[in-house]
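Work through the exercises below with the sequence and the 3D structure at hand. Each task is followed by a solution in steps.

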Amino acid sequence: MDQRGDDEVVGEFVDGAEDERGEKEDGDGDETAAGAASQGEKVDGGEERAREDDARDGVERLPQPTLDDPPKEQFLAGTDEEEGRGDQPEQDGRIGAGELGHLILARRCASDADDDGAGDGRDERGRVAPDDDQEFAHRGESETDAVDGAPAKAEVEEGDAAERDALNRHERDDEEGERRGIETETDQENGEADDEGDADAETETGDHEDGRDRPQASDRRLVEGKRGHTRPWGRVPRKASHPIRTLTATPPQRPPMSSVPERSDIDAEDKWDLESIFASDEDWERAFADVRDRVDDLEAYEGRVTERPETLLELLELREDLLRDVSVVSTYATLRSSEDTRDQEYQAMSARADSLSADARSAASYVEPELQELDRSELDDFVDAEPALAEYDHYFDDVLRTKPHTRSKEVEELLADLSDVTDAASDVYSMLSNADMEFPTVEDPEGETVEISLGNFTSLQKRPNRAFRREVHEAFYDRWEDVRNSVGTSLKKSVTADVKLARARNYETAREAALDGPNVPVEVYDTLLETVRNNLGSLHRHADLKATALGVDDLQMWDLYASMADGEPPEISYEQAVEYVVDAVEPLGAEYRERMAEGLDSRWVDVYENRGKRSGAFSAGTYDTQPFILMNYQDDVASMFTLAHELGHSMHSELTNETQPWQYSSYDIFVAEVASTVNETLLTHHLLETVEDERLRRHVLDEYLERFRSTLYRQTMFADFELQIHEIVEDGGALTPDRFDEIYRDLKETYYDPAVVDDRIAREWMRIPHFYMGYYVYQYSTGISAATAIVDRIRTEGDDAAADYREALRMGGSAYPVEILETAGVDATDAAYIETALATYDETLDEMAALVE
């Protein structure tokens, strides 16, 4: 435990931050500027599957911040299996609609799950920030990379770096952020009319009993929002209820895109409805100015947090009002910047919103240190004197629990102010990989020129022509070699920031700090690594089976994504995917199913890829807006699963927001990934039990296996990589691109023993955005394991088990994640649930072997 004084720690930290910044300016000036302009997205972040893999590799669903620190952006990392998933979430690991962060799941949750790892926008405790950064909650950027086999978040194996943005460390800071709730969820559910009456609110004046003036609100028009919240610059429009969409036939399918279209070429109905947040950018500017002016209102309470129970309640309510609005402003900016990362106007808007979020976090940074001056009995006396404080009971418990790791007021302010600096490595990487890098074009077997992108890489690796797959593999990784030193430096700086921040908060290791956010025992991490490593034989069997199915003697890295199903994979249009997904969640109850259908008809989803669009997939939103899902839909089975994954995040937020007060609208990524993966698992069972098309059934079976591989195994491999590189820095060692290659290659050879590990795959770590989220991706592995157990229980016990699961979703952040999973019937402290998932994987391999052999 670091026992040094605050001045010494601050001095060391500032020196490190300055060195990091100086290095960036010297070597990557342009990229640094671009990164600063981009907020980047709890969560947790190419083609759907590729995105899923990528999301799992690094980010989606975006955890949400807690009340302790205003959440930045709550995005649930995306769903790229290969890169690491989500929702997007952030350092805290919590996703929600809290204060500033809905990027949960999210900036870092970009959908790079499978390969890149998704980073959720987590707050300092590892939670996805509620409002601000919630936008990326699920997110990962590349679903494929994050989880490699994991459903909808983005296939883990190959994801985009974008998801990582969504899951930026901002999530940590966004503890208080509200999760993405729809302001009128209840009214919509009941079919009530949209109530848009404006009311003139009188400005309260008067003195406190102590003689101090209460902060005055300017004489401006206030609009009533959710749970009495007022907003001076307007309100999120309510949506009318929509009937469930029913498809009786498969609609015409979109022709495959050989080139990525501009955003202007995408139909409006296939874009998310950001006008439901602000009708225009001018409205956003007015809101931004208003919120910026109100940040200083918090100063009136500094030094007075424990003065009287009434004063504490006033402060908590004032902070909620401010942070909820910061989240809305931040989420809009981040979502706009995600539409086209080349658009400098929106990148600047996002940077301004990031700065505002940092200012709000800094302004509120004194709250928890002052609260920690009280002990539990004194807080109980406050609650007895002011009953309205009773709903903050769990929050108070969480604050007192972290007292040993909360520094002085000066240090807390410094750490809050430095969030933009400590997150810079992730921002630079995101801009480099999503906006600046251009990948080569290749000619497919039909003679058509195809442009490789972060979004379509995994899909291209699934093509049946082996020579084409090899060409894509080599061209893609050769391009990464061109930026080897830049990416190596950015990851080194990110890991260094994790270590220094942990030490600044008196943690012995960065892992201890990351897991303490959601109050998850470190043993959970160790048990995962040990259990999976002891069962690598199943993964090796999968690799051998794939070689047999493909008819090759040696399974190469460009064969890993190829399907074991015969023939071309069936095309699944977006419309057909919506029908399948909505029908699949029927076991969760009619209310759940209907709410999901309404959301899909209300333009929750930004469906297709366009040039410059953030890669992967993520779920985002705030406590006062509807959910928003970024997809890069590719008309394939993987994309369909990614959609189911992100909808799981969005529905989690919906149920939480309608049930919990704002301070508990954030939930930890540890739980968030369960919600998304339950939907994927239900979709698998639904398709295998109802679809008569044998070709589709076989591809679904193959997809299910791939999701186990990419989510359970690949994400655990990523978790092992993260642990090793952090331990090197903690032990005083040096990280270089060559060292990253060496560690990654060793892991790849261990996990994929029957396959040939080539030199290019050793640099795969470069494309995983979730590695910038600090101990995020392991939650994809625990998530799929818990989800498997929950679905088994629902299928066995029926409505009672489904009711328990819905209750767990409604708990939001009102309890610790281990307790929430207990409500759903899962003991996260026992390896049995992981072993259950591994047994299911083996059983599925048996089914596929019967078809292949």
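Two residues are in contact when they have heavy atoms within 4.5 Å of each other. The model is predicted, so local features need pLDDT of at least 70, side-chain atom pairs count only at pLDDT 80 or more, and totals for chains, interfaces and linings use all residues. Residues are numbered from 1 along each chain as its sequence is written, and side-chain values use heavy atoms, with hydrogens and water left out.

**Exercise 1.** Describe the place and the surroundings of Asn 519.

Step 1. Locate the residue: Asn 519 sits in the loop between α20 (510–516) and α21 (522–533). Helices (H or I, at least four residues) and strands (E, at least two) are DSSP runs, numbered from the N terminus.

Step 2. Classify its accessibility. Buried means under 20% relative accessible area, exposed over 50%, and partly exposed in between (1.4 Å probe, protein chains only). With a relative accessible area of 30%, Asn 519 is partly exposed.

Step 3. List the contacts. Apart from neighbours within four places in sequence, Asn 519 touches Arg 401 and Tyr 816.

Step 4. Look at the side chains. Those of Asn 519 and Arg 401 make a polar contact (3.5 Å). Such a contact is a pair of N or O atoms within 3.5 Å; within protein, one must be able to donate a hydrogen and the other to accept it, and residues adjacent in sequence count only if both atoms are side-chain atoms.

**Exercise 2.** Work out how α21 and α32 are arranged.

Step 1. Take the axes, which are lines fitted to C-alpha atoms, for helices over the stretch in contact, with angles from 0 to 180 degrees between N-to-C directions. The axes of α21 and α32 (residues 832–852) come within 10 Å and cross at roughly 30°.

Step 2. Name the arrangement: this angle makes α21 roughly parallel to α32. Angles under 35 degrees count as roughly parallel, over 145 as roughly antiparallel, 65 to 115 as roughly perpendicular and the rest as oblique.

Step 3. Find the residues. Val 524, Leu 528 and Thr 531 of α21 make the contact with Tyr 833, Ile 834, Glu 835 and Leu 838 of α32.

Step 4. Sort them by class: five are nonpolar, one is polar and one is charged. Ala, Val, Leu, Ile, Met, Phe, Trp, Tyr, Cys and Pro count as nonpolar, Asp, Glu, Lys and Arg as charged, and the others, Gly among them, as polar.

**Exercise 3.** Do the corresponding analysis for α29 and α32.

Step 1. The axes of α29 (residues 778–797) and α32 come within 8 Å and cross at roughly 80°. The two helices are therefore roughly perpendicular to each other.

Step 2. From α29, Thr 782, Ser 785, Ala 786, Thr 788 and Asp 792 meet Tyr 833, Ile 834, Thr 836, Ala 837 and Thr 840 of α32. This contact has four nonpolar, five polar and one charged residues.

**Exercise 4.** Is Asp 635 buried or exposed, and what is its phi?

Step 1. Asp 635 lies in the loop between β13 (628–633) and α25 (637–659).

Step 2. Its relative accessible area is 7%, so Asp 635 is buried.

Step 3. Phi of Asp 635 is positive, about 60°, although the residue is not a glycine.

**Exercise 5.** Repeat this for Arg 603.

Step 1. Arg 603 belongs to the loop between α24 (590–601) and β11 (605–608).

Step 2. Arg 603 counts as partly exposed because its relative accessibility is 28%.

Step 3. Arg 603, a residue other than glycine, has a positive phi near 60°.
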